[in-house]
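This briefing looks at how two chains meet and at the pockets found in the model. Please keep the structure in view while reading the points below.

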Amino acid sequence: MSIELRSFKAFRGGFTAGPVNGMAAPSRPLVFYGPNGTGKTTLLLAIAGFLSSEGAVIINGEDVSGLPYGKRGVAYVPARPAMPGWMRVNEISSLAGANGAVEALKALGLGHVWNERAGKLSFGQAKAAQAALALFGRSAAVLLDEPFTGLSDALASSLWEAILASPKPVIITLNVIPGWIQLSNVVSLNPR
Amino acid sequence: MEDLSIKISSYVLTALVLFPMALLIFMAGPRGLYSAFSSISFRTSLELTLFASAAAVAIDFALGTPVAYGLARGIIKGGGAVYDVLLAPVSIPHTVVGIMLLLAFSPPSPIYGVAPWLSPIGTLWGLILALSYVSMPIYIMSLREHFEMIDRESEMYILSMGVPHSVVLRSVVLRGSFGPILRVSLLSMGRAISEFGSVVILTYSVLAAPLFYYTMPSTVFIWYNYEVSGLYAAVSYAAALLLVTLLLSVSAYAISRIEH
């Protein structure tokens, strides 16, 4: 299981992010690191297929860059809580085909939110829960945009453990690298 | 000074819209309104209009909602052209719409060849067809604007996990758009109720036993009274219909306030 980017560029309006090269594998997440405005989110949106791009997105040996979003097998988790507030977490899990999500939520200390409406969760709970659903959903790879921003240190640390334990390759973006994370697979993005 | 000119324009326009309404209701007076709502023929006419308008809006909802969503999200190929076509009835004179729909089900049309029994003239379904034809553009245009304004991140999150657009529309978007859909439906229903041009050509009166026996839609009923008995005979019926449409507008406004 892997997701690999080859000479990958993303386009939004007149802005171009990349090119980037890199590969994520289970327990070895790829990190896009850089300040605001360097195109981290733009890259994730293009990898998921929501923006136009150039270069290859290879998942388990297959180039999916020609496929539309939803068909690429790449789950995109925004930096803000994005679960519809009127839906219960278990309903969203069911839509996403996230079979083991309840266990993942328990591991994050969020087992009690399973039957809650997403709108009732705190900012940090909602972000961690939406990441957990994506990690256990039907997609082959997961893109997490600023997953630790707004989370308590304990929840962020648990989420990091979940990312490392996930059988899926994960790409994350970080504005600031928390002191408790040891990273080896980092693509640094610089402002233009 | 510039602010003042904007305020004056707003007040003048508002007065221009409100004055004829207020005068109509004043001229009818409580007694006129009471007599209009007490008239069995007007009440039956109003029931027909409300029933057909509600049915037309139900069609707008069933067919127009996915189209509005598809147009807002760029899912439909050639969406710009589709949108222009769907909006065309807004700018076509409605008597022309009536003639067009009449022709579509007449001997020169292939529809007549396949289903000659499907005549809209004087039928309930003909009335619903006309009302849906003229209200659909309003429904699609308003709902498309709503879909364009809502935050897409929720949809992107769920779509990226392989959930099809149709499921996202049903399970996510529609559930979160109940208020706006109700508001747009009420506005479209108001538009349907006020239709006259196409209705008078297709369904001057409707025979739909056992509910309606040669019943005129409300706008035709008012026009008939005006033609036959003069202005004052039509005033109380017009005021009564105005109150009904205002009730829909106020409900739509209240819903939009609650949304905010």
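Between chain B and chain A there are ten residue pairs in polar contact, both residues being at pLDDT 80 or more, where a polar contact is a pair of N or O atoms within 3.5 Å, one able to donate a hydrogen and the other to accept it, with residues adjacent in sequence counting only if both atoms are side-chain atoms. The model is predicted, so local features need pLDDT of at least 70 and side-chain atom pairs count only at pLDDT 80 or more, whereas totals for chains, interfaces and linings use all residues. Residues are numbered from 1 along each chain as its sequence is written, chains are lettered from A and ligands numbered from 1 in the order in which they are written, and side-chain values use heavy atoms, without hydrogens and water.

**Interface**
- The contact (heavy atoms within 4.5 Å) takes 24 residues from chain A and 18 residues from chain B.
- Three salt bridges link chain B and chain A, a salt bridge being a side-chain nitrogen of Lys or Arg within 4 Å of a carboxyl oxygen of Asp or Glu.
- One of these pairs Arg80(A) with Glu153(B), whose closest N and O atoms are 3.2 Å apart.

**Pockets**
- The largest pocket (an open set of points on a 1 Å grid over the protein atoms alone, where a 1.4 Å probe fits, with protein on both sides within 12 Å along at least five of seven lines) has a volume of about 290 Å³.
- Of its 16 lining residues (an atom within 4 Å of a point), those closest to the centre include Trp86(A) and Asp151(B).
- The second largest pocket has a volume of about 250 Å³, and its lining includes Tyr69(A) and His165(B).

Key:
Points joined across faces, edges and corners; volume = space filled by probe spheres on them.
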